[in-house]
Amino acid sequence: IALSRFPRASSTERGIGTVPVESAEARAKLLGKDGENLRALEVACGVDLSINENNVVQISGYDPVRRELTTRCLERVLAEKNVTPQVVERIAEKAKKDLTSKIENDGRKIASELGMTDLNPEIKNMLGSLRYRYSFAQNQFFHVAEVGWLCGLLALELGGVDSRAARRSGLLHDIGKAVDHSIEGGHAVIGADFIHKHGEKPHIVHAVRAHH
């Protein structure tokens, strides 16, 4: 019944870690003298880059937010007429600010959509960064909203269950997947610890911790 009531678009998109280079001239511009431009971009974004024989840049890195940052930088660098390591650094700094703003806006947007505007700003930012994370081919930003709505609908169908708390728990259930991999543990426990630290109530923390 809950599924039949749910109208949100399916969350099946997947990220792409490549950027095409249109010509030999663009390839030379991107590389720079002895590859200095590409190395500057690697340092600025914290990823590994390579260009194959088909003029496609491959972005390698564990952090999907860094991969998104690199994609944005590559597109802007390729649009420049004259590229130097200094130009690359300037573009990277601007792209970082833009991406941070996008993550903050996305976090506020998804919290507002589910009626959770009282979430801690750090939790909203973490939700925003889920837009660049994927699991089982699903974009996690859309996945947590989907689960949030479905949990709320299930609570309403069951009756006697706090639908707002259910919606909040569903929205936050996978937030641990956005936490940096340097923190050890499963994502359910990591997420629960994170939201507990940022003021969520015990029953919400428990739902996130126990969701598997």
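Q: Which word fits Asp 193: buried, partly exposed or exposed?

A: With a relative accessibility of 39%, Asp 193 counts as partly exposed. The word follows from cut-offs: buried is under 20% relative accessible area, exposed is over 50%, and partly exposed is in between, using a 1.4 Å probe and the protein chains only. Before we go on, please note that this is a predicted model, in which local features need pLDDT of at least 70, side-chain atom pairs count only at pLDDT 80 or more, and totals for chains, interfaces and linings use all residues. Residues are numbered from 1 along each chain as its sequence is written, and side-chain values use heavy atoms, with hydrogens and water left out.

Q: With which residue does Asp 193 meet in a salt bridge?

A: The general idea is that side chains of opposite charge can pair when their charged atoms come close. Here a salt bridge is a side-chain nitrogen of Lys or Arg within 4 Å of a carboxyl oxygen of Asp or Glu. Asp 193 meets Arg 209 at 2.8 Å, N to O. Arg 209 sits in helix α10 (residues 202-209) and Asp 193 in helix α9, so this pair ties together parts 16 residues apart in sequence. Helices are DSSP runs of H or I with at least four residues, strands are runs of E with at least two, and both are numbered from the N terminus. Arg 209 is also partly exposed, at 37% relative accessibility.

Q: How many salt bridges are there?

A: The count comes to 13. One of them joins the side chains of Arg 131 and Asp 106 at 2.8 Å, N to O. Arg 131 belongs to the loop between α6 and β4 (134-135), while Asp 106 is in helix α5, so parts 25 residues apart in sequence are tied together. Both residues are buried. Another joins Arg 168 and Asp 118 at 3.0 Å, N to O. Arg 168 is in helix α8 and Asp 118 in the loop between α5 and α6, so that pair links parts 50 residues apart in sequence.

Q: What does the aromatic pair look like, Phe 141 with Phe 142?

A: A pair of aromatic rings is described by the distance of the centres and the angle of the planes. Rings of Phe, Tyr and Trp (its six-membered ring) pair if their centres lie within 6.5 Å; planes under 30 degrees apart are stacked, over 60 edge-to-face, and the rest tilted. The structure holds one such pair. Phe 141 and Phe 142 are edge-to-face, with 5.4 Å from centre to centre and 85° between the planes. Phe 141 is buried at 3% relative accessibility, whereas Phe 142 is partly exposed at 21%.

Q: What is special about the phi of Asn 55?

A: Most residues other than glycine have a negative phi, and most peptide bonds are trans. Asn 55 has a positive phi near 60°, though it is a residue other than glycine. Asn 55 lies in the loop between β2 (48-51) and β3 (56-60) and is buried. Asp 34 has a positive phi too, of about 55°, and is found in the loop between α2 (24-31) and α3 (36-45). Asp 34 is exposed, at 65% relative accessibility.

Q: Which side chain makes a polar contact of 3.1 Å with His 187?

A: A polar contact is a pair of N or O atoms within 3.5 Å; within protein, one must be able to donate a hydrogen and the other to accept it, and residues adjacent in sequence count only if both atoms are side-chain atoms. The partner is Asp 174. The side chain of His 187 makes a polar contact with that of His 211 as well, at 3.4 Å.
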